[in-house]
Amino acid sequence: MRKKLLILLPVCVLLLAAVWALAAGDAADPLATLSYLTGTFTDAVDQRVDQRLNNADLPNSGGTASAVAASAWTETRLKNADDAVCSTGSSVLLLAGGAYVSYSSPGAVVDVTAGTVVPSGTALAVNHRYMAAEDTIAHFIVTSKTAVLDYQGNVEFSYSSAEDYNAMAAALKELHLFRGTLTGYGQGFDLEAAPTRLQALIMFIRVLGEEQQALAWTGTTPFRDVARGTEAEKYVGYAYERGYTNGYSATEFRPAGAVNASQYTEFVLRAMGYSSAANTNLADVFDRAMNAGVLTAGEASMLQRDRFLRAELVYISYYALDALLPNSSRTLADQLMDAGVFTAGEWESARGLVTSWRL
């Protein structure tokens, strides 16, 4: 297939020059109206960008793999310090996570959604469209551990060497250990969100290799806040019956409640046989995890320092697969392959997705 290369038309450049000039008033009271930026201006730019991309019919020139020309909005997952470099007329829209824009004077970047020119160094607002103006090379740099970005136009990605939580999530999905949510973007991974107690429990059961048993469970639970007849009841009921969880109280499980790094690390230690539901003291959980080889000292420090998100849940789960089981030369991954959760081929393929180093 031949790539479409973006070459902006002179009229597009003129439009951008015009909006830059019009929007150059005070940021709180721009001279360019919001209706103009989101209507006449963006329609004209989009039409000309699309036309130029559609008319481009050049062979693959063997450019860098990170350079992309997108005539339609295209979504990608990024990690900390990744840089989306946009030239004149190109746009980005942050769907999840954090990022900021950087560019050199006398360039300009327009927040088309708000109808303002934003200074270099500005943090991006979620679901706002940002466009590089005339003679501007804009860098949109990720500040969170993971982010989801929509982009359109001529964009070149520069990737950092930061821990790749996105790749770990993809690897766990390949191994049938992680599923997306109903979120309509970012593959549904929701790595930027805090995990719930129910999500952590489900991941724990999958790491045990007992998901099919859980889904086949029938019975009742004492928890009034878990809807009867739902898949959630099966997971909770199975785990409660097996003694994996005691619930929040005698009658509450609090499935939507928060779970922290200590609690999830304890879940993983139980799944591997290093602990059990009888242990309710989590004060030394990170020390026990390090002694078991489930966590490194750097990871334990990170988990105690940072807010616990689904990204961290994925991190712990992925690297636990390489840890040895108690008094054994076999790993958790070996145990799950023996149980038929995933194959050796899937394990090899999944490991190939993650190229970043551990903390």
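Biologist: Which backbone oxygen lies 3.1 Å from a polar atom of the side chain of Thr136?
Modeller: The backbone oxygen of Glu134. Keep in mind that this is a predicted model.

Biologist: Where is Thr136 found?
Modeller: In a loop. Strand E7 (129–132) comes before that loop and strand E8 (138–142) comes after.

Biologist: Is Thr136 buried or exposed?
Modeller: Thr136 is buried, because its relative accessibility is 2% and the cut-off for buried is under 20%.

Biologist: What does Thr136 touch, leaving out residues up to four places away in sequence?
Modeller: Cys86, Ser87 and Thr88, then Tyr103, and also Gly107, Ala108 and Val109.

Biologist: Let's zoom out. How many helices and strands are in the protein?
Modeller: Twelve helices and nine strands.

Biologist: What share of the residues is buried?
Modeller: 48% of the 359 residues.

Biologist: And the contacts with a separation of 6 or more: what percentage comes from residues 24 or more positions apart?
Modeller: 73% of them.

Biologist: Now a helix. How many residues of H7 are buried?
Modeller: Eleven of the twelve, so H7 is mostly covered. The buried set is Ala261, Ser262, Tyr264, Thr265, Glu266, Phe267, Val268, Leu269, Arg270, Ala271 and Met272.

Biologist: Which helices do those buried residues pack against?
Modeller: Five are listed by name: H4 (197–208), H8 (285–291), H9 (297–305), H10 (310–320) and H11 (332–338).

Biologist: What span should H7 have, at 1.5 Å a residue?
Modeller: For the twelve residues 261–272, 16 Å is expected. The C-alpha atoms at the two ends of H7 are 17 Å apart, which agrees.

Biologist: What caps the N-terminal end of H7?
Modeller: Asn260 does. One of its side-chain oxygens lies 3.1 Å from the backbone nitrogen of Ser262.

Biologist: And what follows H7?
Modeller: Gly273, with a positive phi near 95°.

Biologist: Pick out Thr265. Where does Thr265 lie?
Modeller: In helix H7. Thr265 is buried, with a relative accessible area of 0%.

Biologist: Which backbone oxygen does the side chain of Thr265 reach?
Modeller: That of Ala261, at 2.8 Å.

Biologist: What does Thr265 touch, again leaving out residues up to four places away in sequence?
Modeller: Val285, Phe286, Ala289, Leu295, Leu303 and Ile316. Val285, Phe286 and Ala289 belong to H8 (285–291). Leu303 is in H9 (297–305), and Ile316 is in H10 (310–320).

Biologist: Back to H10, then. At what angle do the axes of H3 and H10 cross?
Modeller: Roughly 60°, and the axes come within 9 Å. That makes H3, residues 165–174, oblique to H10.

Biologist: Is the crossing left-handed or right-handed?
Modeller: H3 passes H10 in a left-handed crossing.

Biologist: Which residues meet there?
Modeller: From H3, Tyr165, Met168, Ala169, Ala171 and Leu172. From H10, Ala311, Glu312, Val314, Tyr315, Ser317, Tyr318 and Tyr319.

Biologist: Last topic, Ala69. Where is Ala69 found?
Modeller: In strand E1, residues 67–79.

Biologist: How does Ala69 count by accessibility?
Modeller: Ala69 is partly exposed, because its relative accessibility is 27%.

Biologist: How far apart are Ala69 and Gln152 in sequence and in space?
Modeller: They are 83 residues apart in sequence. In space, Ala69 and Gln152 are 7.5 Å apart, C-alpha to C-alpha.

Conventions
Residues are numbered from 1 along each chain as its sequence is written. This is a predicted model: local features need pLDDT of at least 70, side-chain atom pairs count only at pLDDT 80 or more; totals for chains, interfaces and linings use all residues. Side-chain values use heavy atoms; hydrogens and water are left out. Helices (H or I, at least four residues) and strands (E, at least two) are DSSP runs, numbered from the N terminus. Buried means under 20% relative accessible area, exposed over 50%, partly exposed in between (1.4 Å probe, protein chains only). A polar contact is a pair of N or O atoms within 3.5 Å; within protein, one must be able to donate a hydrogen and the other to accept it, and residues adjacent in sequence count only if both atoms are side-chain atoms. Contact means heavy atoms within 4.5 Å. The expected span of a helix is 1.5 Å times one less than its number of residues. Axes are lines fitted to C-alpha atoms, for helices over the stretch in contact, and angles run from 0 to 180 degrees between N-to-C directions. Angles under 35 degrees count as roughly parallel, over 145 as roughly antiparallel, 65 to 115 as roughly perpendicular and the rest as oblique. A crossing is left-handed if the near helix is turned anticlockwise from the far one by less than a right angle, and right-handed if clockwise.
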